[in-house]
Amino acid sequence: MVTVAQLAAQENAILHKSSFHVTRGSISYEDKTVAKKIVYYKERHFQLVPMLNYFNFNSRSLCGGYKCTVEYVSNGTPTEDADMFVFKHGLKRTPPKRPKDQLWAFQTVECQRASNSFNTKAWDGLFNYSITPSRLSVSNQHDVCMSTRPVRRDHLLKENYYEAKLGMTNGSEVNVLWFVSNCRPWVGSRRIEHALNLSQYVDIKVYTRAERCRTELKSILGPNGGTKASYNGYWFYLAFENSLCRDYITEKFWKIITSDSLTIPVVLGGYSMEDYEIVAPPKSYIDVRNFTSAKHLAEHLKYVTENEHAFNYYQR
């Protein structure tokens with residue numbers, strides 16, 4: 001059995017050899033007396049704004065505190081009136097023409113693996129900034145770290161969270177929710193394998209619209225066609241990332257933490273447990289890495305749902 005730590009080491013070793021890299025250009029923009037205009041390239045299926053809401057990132061991150069206006073376009077051609085144009089991962093093979101004195105930035109909320117599927121050589125020297133979730137970004141003045149924002153757990157107002165959760169669920173029987181959309185073979189975290197192993201011991205319901213996922217996870221597909229569910233009725237949620245990359249913790253985790261469902265996230269992501277320990281509220285999640293097997297994890301989940309003090313521990 002390959003451990004999570006071994007999977008993370010293997011994946012990050014591959015990324016170290018072939019990770020996305022661009023050499024930054026020499027263009028500078030010194031005039032800060034007027035409002036700057038930032039234009040984002042947003043693919044039709046990619047909801048950039050909701051995604052960025054889970055991070056401590058906004059236009060001020062690129063404007064140094066000066067006033068900025070932000071617009072979005074659905075094609076990859078930079079607009080002439082933009083002071084900065086932000087490209088998303090999935091660059092075209094040939095860069096477009098660059099308007100005079102315009103800054104270019106490369107932005108991604110994905111693991112480095114997602115940036116390895118295209119040839120970036122033609123883009124070398126064209127970007128002035130990179131915008132990523134990586135903490136390593138803070139080491140370079142031309143990088144912007146899209147670090148996770150401080151989380152206020154506003155739902156923590158009840159004296160007894162356990163009693164409140166019992167009122168949302170059908171008793172103390174363990175049930176686990178999982179929304180998933182990517183079940184492709186290259187998923188490095190092996191999250192499908194982890195979920196299926198865990199389902200041997202606890203009730204897991206999967207909700208997905210992806211045909212591949214519906215096929216591979218047929219045995220644990222949720223009711224109503226497995227397409228719609230609420231966090232509230234479940235004790236736990238599988239916040240399983242598709243890759244085990246350093247600092248790669250996405251909305252799968254933050255949606256639960258910022259909700260009022262009292263549902264506890266079970267996490268599988270990042271390069272190590274330290275990635276979560278640095279950014280997540282203490283005592284707010286259960287890390288798969290703390291357990292020796294799916295059975296061991298399942299035993300802990302059962303203990304939490306049957307023990308008032310154990311459940312309340314994860315809500316403080």
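This report describes the nonpolar cores and two of the helices in a predicted model.

## The nonpolar cores

The largest nonpolar core of the model has 51 residues, and those with the most contacts inside this core are Trp-178, Phe-236 and Phe-253. Strand β9, which runs over residues 236–240, supplies the largest share of the core, namely 5 residues. A second, separate core has 11 residues, among them Tyr-41, Ala-82, Phe-85 and Phe-106.

Leaving aside residues up to four places away in sequence, Phe-236 touches residues that include Val-174, Asn-175, Val-176 and Leu-177, as well as Thr-263, Ile-264 and Val-266. Phe-236 also touches Leu-301, Val-304 and Thr-305, and these three residues are among the buried residues of helix α9.

## Helix α9

Helix α9 consists of 13 residues, 294–306, which at 1.5 Å a residue should span 18 Å, and this agrees with its end C-alpha atoms, which are 18 Å apart. The buried residues of α9 are Leu-297, Ala-298, Leu-301, Val-304 and Thr-305. Because they cover an arc of only 120° around the axis, they lie on the same side of α9. An α-helix has 3.6 residues a turn, so residues three or four places apart point the same way.

## Helix α4

Helix α4 covers residues 161–168, and its buried residues are Tyr-161, Tyr-162, Ala-164 and Lys-165. These residues cover an arc of only 160° around the axis, which puts them on the same side of α4. The buried residues of α4 pack against α9 and against α10, which covers residues 308–313.

At the N-terminal end of α4, Asn-160 acts as a cap, with a side-chain oxygen that lies 3.0 Å from the backbone nitrogen of Tyr-162.

Notes. Residues numbered from 1 in each chain as written. Predicted model: local features only at pLDDT ≥ 70, side-chain atom pairs only at ≥ 80, totals over all residues. Heavy atoms only, no water. Core = buried A, V, L, I, M, F, W, Y, C linked by side-chain atoms within 4.5 Å. Buried < 20%, exposed > 50% of the residue type's maximum accessible area, 1.4 Å probe, protein only. Helix = DSSP H or I, 4+ residues; strand = E, 2+ residues; numbered from the N terminus. Contact = heavy atoms within 4.5 Å. Expected span 1.5 Å × (residues − 1). Arc of directions from axis to C-beta. Polar contact = N/O pair within 3.5 Å; in protein donor to acceptor, adjacent residues only side chain to side chain.
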